[in-house]
Amino acid sequence: MSNSFKPQALLSAWAFIFVAPLVTVVATTGYAQRQPEEIIVSVRRKDENLQEVPISVSTIGAADIERIGINDVQDVVTNTAGLEFDEGFGAQDTRITIRGLSPTRGRSNVAFLVDGVDFTGEAVSTAGGGVMVNQQLLDVERVEIVKGPQSAMYGRSAFAGAIQYITKRPRLDETEASIAYELSSDGRDALGTRLSGAYGTPVTDTFGLRVNGLVYDEDGFYDNTITGGELGGTDGYGAAISGLWQASSNVTVNGRIAYSHDELDPRSQARVANNLAVDIDQSLAVQNGETDSLYYTNTLGRILNASYPVCGPATQNADGSLGTCLGAPKTITAGKMPDADDLAVVISNNPRTGGDYPGTDIDMTTATFSVVAAMGEYEFSSYTGLAHIETDQFFDGQWDALPAGSYSSLDGTYSFTLADCGFANCSPVVQEISFGNETDMFSQEFRLASQFDGPVNFTVGALYWRERVDQDEDGSTISPAAFRLTPVFPPNIPGGAPPVQSLPPGNANVASVYAAAKSFVGRDTDSYSLYALIDWEIAAAWKLSVEGRWVNEDLTVYGPHCDVDATEALTGLATQVIGGQEYCNSAFRGASSVGIANGSGTLANGTYTKAVFQNGSADFDDEFFVPKATLEWTPGDTQLFYASISKGVKPGGISTIAAGSFFNPEASTFQSEKLIAYEIGSKSTLLDGRLVLNGAAFFQDYTDKQVGVSRFDPVIQTDVGAIQNAGEAEIWGIELQAAFQVTENLSLSASYAWLDAEYTDFAFRTSSTNNVARSLAAGGGGCLALIDIDPNPGAPTANDGLTDECLVSLTGNEVEDIPEHSFVGNAHYEAPLGVGNMSWYAETTAVFTDQRYMDEFNVKELDSYWLFNLRAGLREGKWDVTLFVDNLLDDDTIKSGADFGSQVNTLRQGQFPPAPTDGVVVSMPNPRVVGIRGAYRF
């Protein structure tokens, strides 16, 4: 989309947002109609009518949660236009995108709160917001989705917005109880059941209790083609108790403790095969004569020595040091992801059992405690939060396997045959992921708000937030070095037979791996902040609000180093020297990598072993101030217009997403990303209250975006993941919401979001040929220029073994994870049945999400899709029952995916190491599901 069109589109949107509400009032009719229900929200820490809040907010109430069947954050996102949901490694790797702000790697861009308490964690070793994001909704009164930077009010994590769960509280005026049940099926083998109940009662005139519980068991929809086992299922239970104490007419105390236990099978995920071979010699740097090719130098080839082959004379070019060996092209995955019907779930079996890996177990305990005291012209509030989470995750880490058979690389120059090994997976490559995580959170917030009769009021507060994460990692990676033409594996195999034909399957070896020690990864976070908000009623219809938050965040990260002397003594594998510094043998690429002892250490020759680890640590501190200003105009009781400007900052840090390498804080440190957001919007209640029309148009100027890139690690001789700050991006957007009570019986609602996001300045240096190949595949020119990071006036072989770097530009690319158009619409018809107070209803929900790129290179793409859900039911005062069909048309479009390199795939392509091929893992979508849900209220 042209730059000139974007402002014009926003001007058109602003005209609609401002002019349409003013002219619509003339279209009122004269007969009585049922009005849309008034929605109360607490996004500014006080109960307000949604239509009076100058912020873009979407809500899902208790009735909708029960009727639609919203059980977790994925359901919340699906039913909200402008939000996207992605999942990657395991349960902790869940990523939410609001208004085009995507957490490509690392911490969440969205704050997650329960009853005003921030529980936004951060995963270790993977991206995502941690397992708390995936908690089941338990006795929730409503969900509030706040869009745009809200750091001033919501704290450290509300860079793109916030999702808040407001739970149901005890009542002091009556006893209430309910029970609900749901049964569903995909029409084949998968069944799902959910049973929940709640009971609340006043204990005294001033004190009440409420208890609730949930038990669920949901089968997965897909089978593993390797084991025949079912994947993607979940089961668990949870309970909560909450108390309300009206200590006096001015003091209210609320408390809640919740516990849940969840068991999650490995996710139903499939690997998408490479479909494009890219010749990196087509890079502009090559075409401009800067180098003849992008290969390793002679010196680096010699460093590989016994473990990896030396490149042949034909490929030893002095000024090229990037990439592949022996001229092999890069193979990547490009284009739109295939539909689920064209994919197979291929997950390696657990060699200890022959079946599937167990998946993830989560035990979570949370507590919230609040005190609100009115003191004359002031209100004092205290919010306390505690959480303790323990998780065990054990699953296949490659989403791929090699049964017996013949295989050829994409370009046809490499092939091999795997004989029947007695296992379903005969690959000599195996990769397991094993995390044992323990997380503790604590937060304490104090707030003081004035309640003056005059034109000026204020709110001031302070927040302390702490997270302690300890994670033991015991995963294993066994992979031979398989090269085209010169396959070797230490110790060298006589005759140079390909490793895949000479080694036993990885499944036969992984169970006997000698782990000298578990590796440890940890992160301690302490966040301190002060904030203030001033409201000034300039005139009867005008108000100016100014707010800001100062944040100081202290971070300490822990990770494993390889103990050089102890590892050599144990394994007999000699250390390597690069740049005058000793490193462990390159067979140990990371904490999970496995080498084979050569017999000169304390282990027998041929023993599979890990390195010996030392724990290292590094500190990072960040301090910033985020302001916001909002101007409101209320020309009448039913209309609100506002304009705001705000700043968002996502703190920097030290990445714990090592992606196959040891802890390297110098290479893993990244800086904060920043955002300036301009927004203008309106909220109108029209046609005698029958029509609610809200809209917002915004422009976001994005700098230093944290993105995931690959870098070549000269120590371990392969690409590793890293976080890097991009240059600049611009995001333009429009959001529209409408609710219309057409007749007494028929109501319509819809929400729509348009987003256009582009990197306006994004050039970076990389030593990864994967990045070069992706740029070429997208038409970006690949390596634009070679940059010698180790200039040496002497002979080309006289360097220290470091690779040169390529300049790659993504300027002009679309920002990843952003669909241009998204829409959620609902039509609901309800009428009396003629039997007592009974009524019947029918409704349909339509969801549209446009296509979007999966990566910043704009190479991989998720296709657009429509979803249609139907519901019909009966209700009476105390009970209701609903028949539902989700995904009516059985749409099988892939809706989520992430890019993970595959050890199996690189073996299949014959390029690993040091040039791993691309890899994409996609989450298989839910098929058509039919079910019934009902509730009874006592």
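A salt bridge is a side-chain nitrogen of Lys or Arg lying within 4 Å of a carboxyl oxygen of Asp or Glu. In the predicted model examined here, the side chains of Arg 67 and Asp 64 meet in such a salt bridge, with a distance of 2.9 Å from N to O. Both residues belong to helix α2, which spans residues 62–69, and because they stand 3 residues apart in this helix, they are separated by about one helical turn. The two partners were assigned to separate classes of accessibility: Arg 67 has a relative accessibility of 14% and therefore counts as buried, since buried means under 20%, whereas Asp 64, at 28%, counts as partly exposed. The pair also belongs to a network of salt bridges, in which Asp 64 and Arg 67 are linked with Glu 843 and Arg 871.

Side chains of opposite charge can pair when their charged atoms come close. A search of the whole structure finds 31 salt bridges, and two further examples illustrate the surroundings in which such pairs occur. In one of them, Asp 173 is joined to Arg 171, and the closest N and O atoms of this pair are 2.9 Å apart. Here Asp 173 counts as exposed, its relative accessibility being 57%, while Arg 171 counts as partly exposed at 33%. In the other example, Asp 855 forms a salt bridge with Lys 860, the closest N and O atoms being separated by 3.5 Å; in this case Asp 855 and Lys 860 are both buried.

Helix α9, which comprises residues 564–571, was then considered with respect to its buried positions, namely Val 564, Thr 567, Leu 570 and Thr 571. When the helix is seen down its axis, the buried residues of α9 fall within an arc of 140°, so they line one face of the helix. The elements against which these buried residues of α9 pack are the strands β30 (542–562), β32 (581–583) and β34 (608–609).

The two ends of the helix were also described. At the start of α9, a side-chain oxygen of Asp 563 reaches to within 3.4 Å of the backbone nitrogen that belongs to Asp 565. Just after α9, at the other end, Gly 572 adopts a positive phi of about 80°.

Key. Residues are numbered from 1 along each chain as its sequence is written. This is a predicted model: local features need pLDDT of at least 70, side-chain atom pairs count only at pLDDT 80 or more; totals for chains, interfaces and linings use all residues. Side-chain values use heavy atoms; hydrogens and water are left out. Buried means under 20% relative accessible area, exposed over 50%, partly exposed in between (1.4 Å probe, protein chains only). Helices (H or I, at least four residues) and strands (E, at least two) are DSSP runs, numbered from the N terminus. The arc is that of the directions from the helix axis to the C-beta atoms. Contact means heavy atoms within 4.5 Å. A polar contact is a pair of N or O atoms within 3.5 Å; within protein, one must be able to donate a hydrogen and the other to accept it, and residues adjacent in sequence count only if both atoms are side-chain atoms.
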